[in-house]
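Please open the model in your viewer and keep the sequence panel visible beside it. The stops below are meant to be followed in order, with a selection to make at each one.

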Amino acid sequence: MNRAMLAIIQKDFRSVTANKRLFSTILIVPLILTIILPSIFVLAVHFAPDDPDMQKLIAQLPQSAGSKNLEQALIGLILNYILPVFFLMIPIMTASIMAASSFVGEKEKHTLETLLYCPLSVKQIFRAKVMASFLLSILVSLLSFCIMLLVLEIEFFFLMGYLLPPGVSWVIILLLVSPAISLIAVTLIVRGSAKAQSVEESQQGAVFLILPVILLVVGQFTGVLLLSTWLLLILGIACALLAWLLLKKSMGRFTYEMLLK
């Protein structure tokens, strides 16, 4: 990565942090998914452990994850089976905020021509735009995880008297699955942004990318689909290969004519 590409990445970061509306959206979504909702789950488990819905969730747990302590089993289910899926949503939603305006935003601000005069090929500009949104999504995901884990462990300790370390699945989610899905989403959104006529149009297209993840979240909650560590690993490898192929194919088809339409 040369200095010109790094300058584009820094410019995109500054444009997001300088826009209070966009920056607040980036903060609010992870706050809800990683602090407010998990805290509600923990409080519900502690004060209403015999709720029939919770017992239905316990019945869906693998035998290896079972526990004689109903409260501890429910907490393990939430921490290691339900919450990780939120970290497939966070990078997509975070990246879409920057990626959706990557090129169409330049058009609306009348800075696209200036961008095209920089000493970079159109493919390098595309790569820099993708990298900016990708890095933002990963940074937000990692920070969200650290804050979520800190808050949850404090709640576990004061409400239940013990700490519950996260499972191995978190490593696969944070280092493989989440980055791969984020790169897929960013590539598609940035490519769509080049063809869109407005930021709103680009954002509407980005919404459809979150639908499969929402269905996965529903499956986790209902117990229809509880992803094991091996399934997560296979999913991560498949998504990483798809992300690489999609990025390579998109760069090959990216042209000046596409931007100037």
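The tour starts with the whole chain and then moves along one helix and its partners.

**The whole chain**

Begin with everything displayed, and keep in mind that this is a predicted model. Colour the chain by pLDDT: its mean is 77, and 74% of the residues reach 70 or more. Among the elements, helix α7 (residues 122–160) has the highest mean pLDDT, 88, whereas helix α9 (residues 199–207) has the lowest, 59. Where pLDDT is low, the predicted coordinates should not be read in detail.

Now switch to a cartoon view, in which you should find twelve helices and zero strands. Of the 261 residues in the chain, 48% count as buried. If you display contacts between residues with a separation of 6 or more, 83% of them join residues 24 or more positions apart.

**Helix α7 and helix α1**

Select residues 122–160, which form helix α7, and add residues 3–18, which form helix α1. The two helices pack at an angle of about 45°, and their axes are 9 Å apart. An angle of that size makes α1 oblique to α7, and the crossing is right-handed.

To see what lies between them, show side chains for M5, I8, I9, K11, D12 and F13 of α1, together with Q124, I125, R127, A128, K129, M131, A132, L135 and L136 of α7, since these residues meet in the model because their heavy atoms come within 4.5 Å. Sorted by class, this contact holds ten nonpolar residues, one polar residue and four charged residues.

**Helix α7 and helix α2**

Keep α7 on display and replace α1 with helix α2, residues 20–47. Here the axes come within 10 Å and cross at roughly 25°, so α2 and α7 are roughly parallel to each other, the cut-off for that term being under 35 degrees. As you turn the view, note that α2 passes α7 in a right-handed crossing.

On the α2 side, select I26, P30, T34, I35, P38, S39, V42, L43 and H46, and on the α7 side select L136, V140, S144, I147, M148, V151, L152, E155, F156, L159 and M160, which are the residues that meet. They divide into 15 nonpolar, four polar and one charged.

While α2 is still shown, pick I32, which also lies in this helix. I32 is partly exposed, with a relative accessible area of 38%. Leaving aside neighbours within four places in sequence, I32 is in contact with L37 and P38.

**Helix α7 and helix α11**

Next, hide α2 and bring up helix α11, residues 229–253. α7 and α11 pack at an angle of about 140°, with their axes 9 Å apart, and they are therefore oblique to each other. Their crossing is right-handed. The residues to select are K123, F126, R127 and V130 of α7 and L247, S250, M251 and G252 of α11, which make the contact. By class, this contact has four nonpolar, two polar and two charged residues.

Stay with G252 for a moment: is this residue buried or exposed? G252 is exposed, because its relative accessible area is 51% and the term applies over 50%. Draw a distance from the C-alpha of G252 to that of K123, and the viewer should give 7.6 Å, although the two residues are 129 apart in sequence.

**Two serines of helix α7**

Finish within α7 by selecting S133 and S141. S133 is buried, with a relative accessible area of 0%. Not counting residues up to four places away in sequence, S133 touches A95, M98, A99 and V186. A second distance is worth drawing here, since the C-alpha atoms of S133 and T187 are separated by 9.2 Å, with their positions 54 residues apart along the chain because the numbering follows the sequence.

S141 also counts as buried, at 2% relative accessibility. With residues up to four places away in sequence left out, S141 touches F87, I90, P91 and S178.

Note on methods
Predicted model: local features only at pLDDT ≥ 70, side-chain atom pairs only at ≥ 80, totals over all residues. Heavy atoms only, no water. Helix = DSSP H or I, 4+ residues; strand = E, 2+ residues; numbered from the N terminus. Buried < 20%, exposed > 50% of the residue type's maximum accessible area, 1.4 Å probe, protein only. pLDDT = per-residue confidence, 0-100. Axes fitted to C-alpha atoms, helices over the stretch in contact; angles between N-to-C directions. Parallel < 35°, antiparallel > 145°, perpendicular 65-115°, else oblique. Left-handed = near helix turned anticlockwise from the far one by under 90°. Nonpolar A, V, L, I, M, F, W, Y, C, P; charged D, E, K, R; others polar.
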